[in-house]
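Colleague: I have a new model open on my screen, and I would like to learn how to read it feature by feature. Could you walk me through it?

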Amino acid sequence: MDWKDRLKQEYLDLKERYEKLRRIKNKYDAGLRDIEVLKTESMWVLEKQLGAMCEYVHWLEVRLEQHGIEY
């Protein structure tokens, strides 16, 4: 596996984790508070984590595009 494959895999792994976390937050925002992790005091941290992950996904996409790697 070369660096391009690793970059693409890193992107795909992060994107999957980001989407899962975003779905959890969407459930919370919709009023579904049956998941233990969705305590009100935990949401601030979750939102900060989502923001950081979103930015990281963006920069990985920029790198992939710069090198002509399809994702």
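Modeller: Gladly; we will go from the overall shape to the helices and then to side-chain pairs. Please keep in mind that this is a predicted model.

Colleague: Let us begin with the fold, then. How many helices and strands does the protein chain have?

Modeller: The protein chain has two helices and zero strands. Its radius of gyration is 15 Å, well over the 11 Å that the globule rule gives for 71 residues, so the chain is more spread out than a compact globule. The box around the C-alpha atoms tells you how that spread is distributed: along the principal axes it is roughly 40 × 15 × 15 Å.

Colleague: And what share of the residues counts as buried?

Modeller: Of the 71 residues, 25% are buried. Another useful figure concerns contacts with a separation of 6 or more: residues 24 or more positions apart account for 69% of them.

Colleague: I see α2 running along the model. What span should α2 have, and what are its end C-alpha atoms apart?

Modeller: Take 1.5 Å a residue: the 27 residues of α2 should then span 39 Å, and the end C-alpha atoms are 40 Å apart, which agrees.

Colleague: Which residues of α2 are buried?

Modeller: The buried set is M43, L46, L50, M53, V57, L60, E61 and L64. As for what covers these residues, α1 is included.

Colleague: Where does the backbone take a positive phi?

Modeller: Look just after α2, at G68, where phi is about 65 degrees. G68 also helps us compare sequence with space: K4 and G68 are 64 residues apart along the chain, while their C-alpha atoms are separated by 9.7 Å. K4 itself lies in helix α1 and is partly exposed, at 33% relative accessibility. Leaving aside neighbours within four places in sequence, K4 is in contact with H67 and I69.

Colleague: Now to the aromatic rings. What describes a pair of them?

Modeller: The general idea is that a pair of aromatic rings is described by the distance of the centres and the angle of the planes. A search of the whole structure finds one aromatic pair. The ring centres of Y11 and Y71 are 5.0 Å apart and the planes stand at 70 degrees, so this pair is edge-to-face.

Colleague: Which parts of the chain does that pair tie together?

Modeller: Y11 lies in helix α1 (residues 3-29) and Y71 in the segment after α2 (40-66), so the pair ties together parts that are 60 residues apart in sequence.

Colleague: Are these tyrosines buried or partly exposed?

Modeller: One of each. Y11 is buried, at 4% relative accessibility, whereas Y71 is partly exposed, with a relative accessible area of 41%.

Colleague: Let us turn to charged side chains. How many salt bridges does a search of the whole structure find?

Modeller: The search finds five. One of them joins D29 and K25, whose closest N and O atoms are 2.6 Å apart. To read such a pair, ask first where its residues sit: D29 and K25 are both in helix α1, four residues apart, which is about one turn of the helix.

Colleague: Is K25 buried or exposed?

Modeller: K25 is buried, with a relative accessible area of 17%, and the cut-off for that label is under 20%. Its partner D29 is partly exposed, at 49% relative accessibility. Beyond its neighbours within four places in sequence, K25 is in contact with M43, L46, E47 and L50. Among these, M43, L46 and L50 also appear in the buried set of α2.

Colleague: What other salt bridges should I look at?

Modeller: Try K20 and E16, whose side chains meet with 3.2 Å from N to O. These two are four residues apart in helix α1, separated by about one helical turn. Both ends are partly exposed, K20 with a relative accessible area of 43% and E16 at 44%.

Colleague: Which residues are linked in a network of salt bridges?

Modeller: That network links K15, E19 and R22. Within it, the side chains of K15 and E19 meet at 3.9 Å, N to O. K15 and E19 both lie in helix α1, four residues apart, and K15 is partly exposed, with a relative accessible area of 28%.

Technical notes
Residues numbered from 1 in each chain as written. Predicted model: local features only at pLDDT ≥ 70, side-chain atom pairs only at ≥ 80, totals over all residues. Heavy atoms only, no water. Phe/Tyr/Trp six-rings, centres within 6.5 Å; stacked < 30°, edge-to-face > 60°. Buried < 20%, exposed > 50% of the residue type's maximum accessible area, 1.4 Å probe, protein only. Expected span 1.5 Å × (residues − 1). Contact = heavy atoms within 4.5 Å. Salt bridge = Lys/Arg side-chain N within 4 Å of Asp/Glu carboxyl O. Rg over C-alpha atoms; globule rule 2.2 N^0.38 Å.
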